Amino acid sequence: LHAQENAQKVIAGDIRAAARLMRDLDDRMPGAIETLKLLYPHTGRAQILGITGSPGVGKSTLTDVLVGRLRAAGRKVGVVAVDPTSPFTGGAILGDRIRMQRHATDEGVFIRSLATRGQFGGLTASTRGVVAVMDAMGKDVILVETVGVGQDEVDIVSMADTTIIVTVPGLGDDIQALKAGILEAGDIFVVNKMDREDAQRTANQLQAMLAMEREGARAEGWAPPVLLTCARDGRGLDELLAAMDDHRTLLTADNNRLLLKRRKQRAFKELLDLIQNRTVTLLLERLGSHRDLEALAEEIASGQKDPYTVCDQIMAAAHLG
Ligand SMILES: Nc1nc2c(ncn2[C@@H]2O[C@H](COP(=O)(O)OP(=O)(O)OP(=O)(O)O)[C@@H](O)[C@H]2O)c(=O)[nH]1
Ligand SMILES: [Mg+2]
């Protein structure tokens with residue numbers, strides 16, 4: 001009943017109700033998931049954009065400019081700033097990283113920071129929850145900014161409809177890292193800080209790498225563009241917005257064919273994550289004396305036991321094996 005009331009408020013766009021629900025999800029308050037369940041049927045309308053890249057490349061500055069442009073076009077915007085490297089949620093540290101204070105008083109912009117603390121089922125699940133709430137409350141566009149640091153980043157990026165990967169001139173190592181990591185996941189590549197030397201050369205390098213890596217990789221009729229921007233003065237932003245629109249057009253063609261394909265992959269991953277989380281929690285609850293995984297890990301580390309046998313014993317103790 002309570003859940004229904006809360007869900008109604010969120011769907012009506014009540015900012016305080018949405019903020020409270022996000023906090024409750026983080027704090028694993030009973031009932032928060034019940035509310036989230038009621039919101040899911042009201043999601044799927046928002047365009048979800050992922051923005052990722054190494055620390056300091058200008059993701060937040062870009063996001064800030066994008067928010068301004070989208071607001072000027074009359075669109076309601078949600079921003080989720082995810083920082084897997086920070087143990088703090090909300091406070092000053094993330095505040096510094098976001099630099100979007102000028103939108104703080106705009107009712108059409110909802111900004112939420114997430115870090116590694118207080119998660120229900122990990123940072124990825126927290127991000128999914130926040131995105132779902134923003135979607136249900138009627139945001140047209142949701143920008144998810146993530147610092148590039150490995151698996152969390154890849155998981156979070158994979159929940160976007162369109163992924164923008166940001167780099168800067170002269171970051172040779174950075175581009176090599178992209179190659180190893182999420183080159184595959186990028187739909188639009190941005191070389192920000194084009195006011196610096198070597199911007200065009202960096203873009204050419206990236207373009208050449210993409211041509212190699214992506215050849216035939218995805219027969220989706222999309223060659224990821226490499227764009228130059230200066231988030232500080234707004235140069236290149238028109239092109240970036242146009243590329244975002246083009247990608248949206250591609251995804252929604254043929255009755256949302258590619259969009260639905262992506263969302264199915266996303267739903268599959270989400271379901272698997274949920275089952276995994278639920279199973280492990282349940283298992284640990286049933287374990288009794290085998291519950292002390294730390295002690296078992298010590299015995300494995302010191303060579304007294306092997307991990308397979310321990311796993312067999314745990315499954316047997318939980319009546320699962
Ligand atoms: N010269 C130049 N500086 C820029 C540009 N865009 C952003 N910056 C500066 O780069 C610094 C980092 O910008 P942020 O937007 O905070 O970068 P970020 O990627 O969000 O950083 P983290 O969230 O800490 O990973 C700031 O001092 C910005 O003013 C640009 O186009 N040119
Ligand atoms: Mg930032």
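1. In this predicted model, residues 24 or more positions apart account for 77% of the contacts in the protein chain that have a separation of 6 or more. The protein chain has 321 residues, of which 45% count as buried, and its secondary structure comprises 12 helices and seven strands. The points below take up the nonpolar cores, one helix pair, several individual residues and the cysteines.

2. The largest nonpolar core has 30 residues, and those with the most contacts inside it are L66, L143, I164, I188, L240 and M244. At least two residues of this core come from each of β1 (47-53), α4, β2 (77-82), β4 (141-147), β5 (162-167), β6 (188-191) and α10. The contribution of α10 is the greatest, with nine residues. Apart from this core lies another, of 29 residues, which has A17, L39, V80 and F110 among its members.

3. How do α4 and α10 meet? The axes of helix α4 (residues 59-72) and helix α10 (residues 237-286) come within 11 Å of each other and cross at roughly 75 degrees. Since an angle of 65 to 115 degrees counts as roughly perpendicular, the two helices, α4 and α10, are therefore described as roughly perpendicular to each other. On the α4 side the contact is made by L62, V65, L66, R69 and L70, and on the α10 side by L237, D238, L240, L241 and M244. Sorted by class, the contact of α4 with α10 has eight nonpolar residues, two charged residues and no polar ones.

4. L240 deserves a separate comment, as a residue named both in the contact of α4 with α10 and in the list of those with the most contacts inside the largest nonpolar core. Leaving aside residues up to four places away in sequence, L240 touches L62, L66, I164, I188, V190 and L227. Of these partners, L62 and L66 are also named on the α4 side of the helix contact, while L66, I164 and I188 appear in the list of core residues with the most contacts.

5. Which residues does L49 touch, not counting those up to four places away in sequence? L49 is placed in strand β1 and counts as buried, because its relative accessibility is 0%, where buried means under 20%. Its partners are V141, I142, L143, V144, A160, T162, I164 and M244. One of them, T162, is 113 residues from L49 in sequence, yet the two are 5.0 Å apart in space, C-alpha to C-alpha.

6. V133, in helix α6 (residues 122-136), likewise counts as buried, at 0% relative accessibility. When residues up to four places away in sequence are not counted, V133 touches V10, A18, L21, M22, L25, L36 and L39. L39 in this list is also among the residues of the core of 29 residues. The C-alpha atoms of V133 and H42 are separated by 9.2 Å, with the two positions 91 residues apart along the chain counted as their separation.

7. Two residues with positive phi values merit inspection in the model. R28 has a positive phi of about 50 degrees although it is not a glycine, and this residue lies in the loop between α2 (15-26) and α3 (32-39). D254, also a residue other than glycine, has a positive phi near 50 degrees, but the place of D254 is in helix α10. R28 is exposed, with a relative accessible area of 58%, and D254 is exposed, with a relative accessible area of 58%.

8. Elsewhere in helix α10 is A267, which counts as partly exposed at 42% relative accessibility. A267 and M159 are 108 residues apart along the chain, and their C-alpha atoms are separated by 8.9 Å.

9. How many disulfides does a search of the whole structure find? The search finds zero. Regarding the accessibility of individual cysteines, C230 is buried, with a relative accessible area of 3%, whereas C311 is partly exposed, with a relative accessible area of 39%.

Note on methods. Residues are numbered from 1 along each chain as its sequence is written. Chains are lettered from A and ligands numbered from 1 in the order in which they are written. This is a predicted model: local features need pLDDT of at least 70, side-chain atom pairs count only at pLDDT 80 or more; totals for chains, interfaces and linings use all residues. Side-chain values use heavy atoms; hydrogens and water are left out. Axes are lines fitted to C-alpha atoms, for helices over the stretch in contact, and angles run from 0 to 180 degrees between N-to-C directions. Helices (H or I, at least four residues) and strands (E, at least two) are DSSP runs, numbered from the N terminus. Angles under 35 degrees count as roughly parallel, over 145 as roughly antiparallel, 65 to 115 as roughly perpendicular and the rest as oblique. Contact means heavy atoms within 4.5 Å. Ala, Val, Leu, Ile, Met, Phe, Trp, Tyr, Cys and Pro count as nonpolar, Asp, Glu, Lys and Arg as charged, and the others, Gly among them, as polar. A nonpolar core is a set of buried Ala, Val, Leu, Ile, Met, Phe, Trp, Tyr and Cys residues joined through side-chain atoms within 4.5 Å. Buried means under 20% relative accessible area, exposed over 50%, partly exposed in between (1.4 Å probe, protein chains only). A disulfide is a pair of cysteine sulfur atoms within 2.5 Å.
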